[in-house]
Amino acid sequence: RIYFSFMIKKETSVYENLLLNLPANKKEVAFTYEFKKFSYKHLLDLISTFSFNLKKKGIKKGDVVTLCLVNIPSTVYLLFAINQIGAKANLIHPLMQKEMILKSMKQLNSSFLFVLENRFNELNSLTKENICITYLSPVRELNLVKKRYYYLKNKKYANDEYLYQKGIYKAYEKEYKEDSFF
């Protein structure tokens, strides 16, 4: 779980409230996820990166962006970035059926959908409805061991154990950027 604690002022956005409540030292812990601590500097940097990429995708003030995600750091960055731009977030359950997702998006005139990578193939046919789908990886902020466990469990690289042992997956040693968003 990810928790934030700050005073909320009416008439300001969630992103503006974050900025109003920043500590003097941006190296202080903003949140913890899977026993890993993230500083306010890291949070602000990733919000800026996500905001830049949202604008690059054509998302602007007033647009509705649908999030079919779980409670992971990328969801937090995305929510703040959407808010920073002035767009609106439509949060839906990550296990919602495709027909219900489409119905929700049509009701709100949303044409942008963010999903977990394990649902991308299942929901990709929504592009026929003029919906831009982007996937996020739930392991982006996890350590190397947990990333490897995730991929083995989900059989993404199950047949590539030999390549892993030979060091071919060096991308894991650097910052993980498996999301289609980057």
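This report describes the strands, helix packing, nonpolar cores and aromatic cluster of a predicted model.

Local features require pLDDT of at least 70 and side-chain atom pairs count only at pLDDT 80 or more, whereas totals for chains, interfaces and linings use all residues. Residues are numbered from 1 along each chain as its sequence is written, and side-chain values use heavy atoms, without hydrogens or water.

**Strands and sheet**

Helices (H or I, at least four residues) and strands (E, at least two) are DSSP runs numbered from the N terminus, and two strands pair if DSSP finds at least two bridges between them. An open sheet of four strands follows the order E4-E3-E5-E6 with parallel pairing. Its edge strands, E4 and E6, each pair on one side only. On average, neighbouring strands of the sheet are turned by 25° against each other, direction ignored. The strand pairs with listed bridges are as follows.

| Strand pair | Sense | Bridges | Opposed residues |
|---|---|---|---|
| E1 and E2 | antiparallel | four | Tyr 33 and Lys 36 |
| E3 and E5 | parallel | four | Leu 67 and Phe 114 |

Helix H4 (residues 98-107) packs on the sheet and touches E3, E4 and E5 (contact: heavy atoms within 4.5 Å); the direction of H4 makes about 150° with that of E5. In the hairpin of E1 and E2, two residues lie between the strands, and Glu 34 takes a positive phi near 50°.

**Helices H2 and H3**

The axes of H2 and H3 come within 8 Å and cross at roughly 60°; axes are lines fitted to C-alpha atoms, for helices over the stretch in contact, and angles run from 0 to 180 degrees between N-to-C directions. Residues making the contact include Leu 43, Phe 50 and Leu 54 of H2, and Tyr 77, Leu 78 and Ile 82 of H3.

**Nonpolar cores and aromatic cluster**

A nonpolar core is a set of buried Ala, Val, Leu, Ile, Met, Phe, Trp, Tyr and Cys residues joined through side-chain atoms within 4.5 Å, where buried means under 20% relative accessible area (1.4 Å probe, protein chains only). The largest core has 34 residues, of which Leu 43, Leu 54, Val 65, Leu 78 and Phe 114 touch the most other members. Elements giving two or more residues to this core include H2, H3, E3 and E5. Apart from it lies another core of 13 residues, among them Ile 92, Leu 113, Ile 133 and Tyr 135.

A search of the whole structure finds four aromatic pairs, with ring centres of Phe, Tyr or Trp (its six-membered ring) within 6.5 Å. Phe 31, Phe 38, Phe 50 and Tyr 77 form one aromatic cluster.

Note on methods:
Phe/Tyr/Trp six-rings, centres within 6.5 Å; stacked < 30°, edge-to-face > 60°. Buried < 20%, exposed > 50% of the residue type's maximum accessible area, 1.4 Å probe, protein only.
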